[in-house]
Amino acid sequence: MTSIDATLRPRRTSWFAAGGWPSFLLRRLGQFVLSLWGLVTAAFLMLQLIPGDPVRMVVGMNASVEVVEDMRRQLGLDLPLHEQYFRFLGGLLTGNPGNSLSLQQPVFEVIAARLPATLELALLTIVVVLVVAVPLGILFAALTRGGRRRGLEVGYTSVTGIFAVVPEFLFGVGLVYIFAVATHLLPVAGRTGPASYVLPVAALALGATASLSRIVRIEALNVLDTDYIRTARAKRMPAALLYLRHALPNLLTPTLTLAGIMLGSLIAGTILVESIFAWPGLGQTLVASITGKDYPLAQTLVVVYGGMVLLINLIVDIVLALIDPRSTITEA
């Protein structure tokens with residue numbers, strides 16, 4: 001270990017022995033369970049408010065009253081609202097939320113068949129975002145450190161600021177027009193090969209990359225202005241070693257935090273992007289189930305989407321607590 005490492009690195013206190021870890025974990029798991037229960041309740045009530053009769057969507061508008069009422073009893077839609085809620089909750093807990101009204105298949109079978117496509121899209125996107133945004137943020141922090149190159153800084157912050165606020169579906173529409181309609185360079189629909197991933201991943205990654213690179217740049221500017229880095233620079237440490245060994249590790253916690261939050265938002269963002277690119281994942285299925293009043297499928301998909309976001313946030317909090325207890329652990 002170098003003298004720089006020994007004298008300037010902050011010391012970390014151990015909180016496993018002090019009992020901080022069990023307290024934090026129990027508290028965080030409790031928050032996860034309560035949030036998940038709130039999500040299930042909201043998913044059930046939200047779709048109940050959408051106008052229209054799901055039974056008519058299944059049996060047809062010209063079906064007799066007897067057929068409609070018989071189907072309503074089979075689906076349990078003739079029960080009081082609170083009984084329907086407990087039936088829905090019990091189905092989720094037992095792994096049997098019923099059959100899809102439109103597809104006539106068990107809901108979990110439909111989800112299992114389409115979940116891999118959505119996860120592939122979201123995970124590939126977050127990898128692209130991290131690979132591009134972290135070096136980009138560090139590069140522009142190094143180039144604009146100390147108020148240098150004001151024109152470059154203004155241009156970078158302006159472009160990334162615009163990209164950060166543009167919704168994913170607008171990126172998707174623009175990419176479809178440029179690369180599929182106007183130039184025919186890339187496929188516009190389906191999941192048929194490596195080329196079919198380019199446009200949906202780009203639509204999801206552009207805004208997230210801009211947002212993350214801006215945060216990385218700000219954090220990098222703070223890190224590069226610390227005494228620890230100044231001392232390393234004064235000792236004429238090579239730039240590659242300075243940034244990779246000393247600056248980058250100090251950016252790990254904020255970068256992981258934002259990347260975890262972004263992964264949750266990217267999963268939610270796949271809903272519209274999948275519809276634009278006819279991607280055979282959960283997003284396209286969710287849109288179709290809501291418009292078709294497919295209660296069992298739509299409600300379960302809302303829970304699955306929200307549950308994935310909550311689970312990602314839980315995992316990120318635990319990982320950050322392991323890396324740096326001071327980032328998440330508070331006194332009870």
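1. Ile315 has a relative accessible area of 45%, so this residue is partly exposed. Ile315 sits in helix 14. The structure is a predicted model, and the remarks below should be taken in that light.

2. Ile315 belongs to a nonpolar surface patch of about 370 Å², whose other members are Leu252, Leu256, Leu311 and Val319. Helix 12 (252-276) and helix 14 (295-323) are the elements that supply two or more residues each to this nonpolar patch. Which helix gives the most to the nonpolar patch? Helix 14 does, with 3 residues.

3. On confidence, the protein chain has a mean pLDDT of 80, and 83% of its residues reach 70 or more. The weak stretch to note is residues 1-18, where pLDDT stays under 50. The model has 28 contacts beyond four places in sequence for residues 1-18. Predicted coordinates should not be read in detail where pLDDT is low.

4. The secondary structure is quickly described: the protein chain contains 14 helices and 0 strands. Read from the N terminus, the elements are therefore an unbroken series of α entries, α-α-α-α-α-α-α-α-α-α-α-α-α-α.

5. Of the 332 residues in the protein chain, 39% are buried. The exposed area of the protein chain is about 17,500 Å², and 67% of it comes from carbon and sulfur atoms. Among contacts in the protein chain with a separation of 6 or more, 73% join residues 24 or more positions apart.

6. The count of aromatic pairs comes to 6. In one of them, the ring centres of Phe44 and Tyr85 are 5.4 Å apart and the planes stand at 65 degrees; the pair is edge-to-face because the angle is over 60. Phe44 is in helix 2 (residues 20-48) and Tyr85 is in helix 5 (residues 81-94), so the contact between these rings ties together parts 41 residues apart in sequence. Both ends fall under the 20% cut-off for buried residues: Phe44 has 3% relative accessibility, and Tyr85 has 12%.

7. A further edge-to-face pair is formed by Tyr197 and Trp279, with ring centres 4.9 Å apart and planes at 75 degrees. Tyr197 lies in helix 9 (residues 195-224), while Trp279 is in the loop between helix 12 and helix 13 (282-291). The pair thus links distant parts of the chain, 82 residues apart. Are Tyr197 and Trp279 buried or exposed? Both are buried.

8. Returning to Phe44 and Tyr85, these two residues are part of one aromatic cluster, together with Phe86 and Phe88.

9. Two backbone positions deserve a look. Arg149 is not a glycine, yet has a positive phi of about 50 degrees. Arg149 is placed in the loop between helix 6 (107-144) and helix 7 (150-165). With a relative accessible area of 44%, Arg149 is partly exposed.

10. The other position is His184, also a residue other than glycine, with a positive phi near 55 degrees. His184 is located in the loop between helix 8 (168-182) and helix 9. Why does His184 count as exposed? Its relative accessibility is 63%, and the class begins over 50%.

Terms used:
Residues are numbered from 1 along each chain as its sequence is written. This is a predicted model: local features need pLDDT of at least 70, side-chain atom pairs count only at pLDDT 80 or more; totals for chains, interfaces and linings use all residues. Side-chain values use heavy atoms; hydrogens and water are left out. Patches are made of residues with over 30% relative accessible area and no salt bridge: like charges are joined within 9 Å, nonpolar side chains (Val, Leu, Ile, Met, Phe, Trp, Tyr) within 5 Å. Accessible areas come from the Shrake-Rupley method with a 1.4 Å probe; for residues, only the protein chains shown count as cover. A salt bridge is a side-chain nitrogen of Lys or Arg within 4 Å of a carboxyl oxygen of Asp or Glu. Helices (H or I, at least four residues) and strands (E, at least two) are DSSP runs, numbered from the N terminus. Buried means under 20% relative accessible area, exposed over 50%, partly exposed in between (1.4 Å probe, protein chains only). pLDDT is the predictor's confidence in each residue, from 0 to 100. Contact means heavy atoms within 4.5 Å. Rings of Phe, Tyr and Trp (its six-membered ring) pair if their centres lie within 6.5 Å; planes under 30 degrees apart count as stacked, over 60 as edge-to-face and the rest as tilted.
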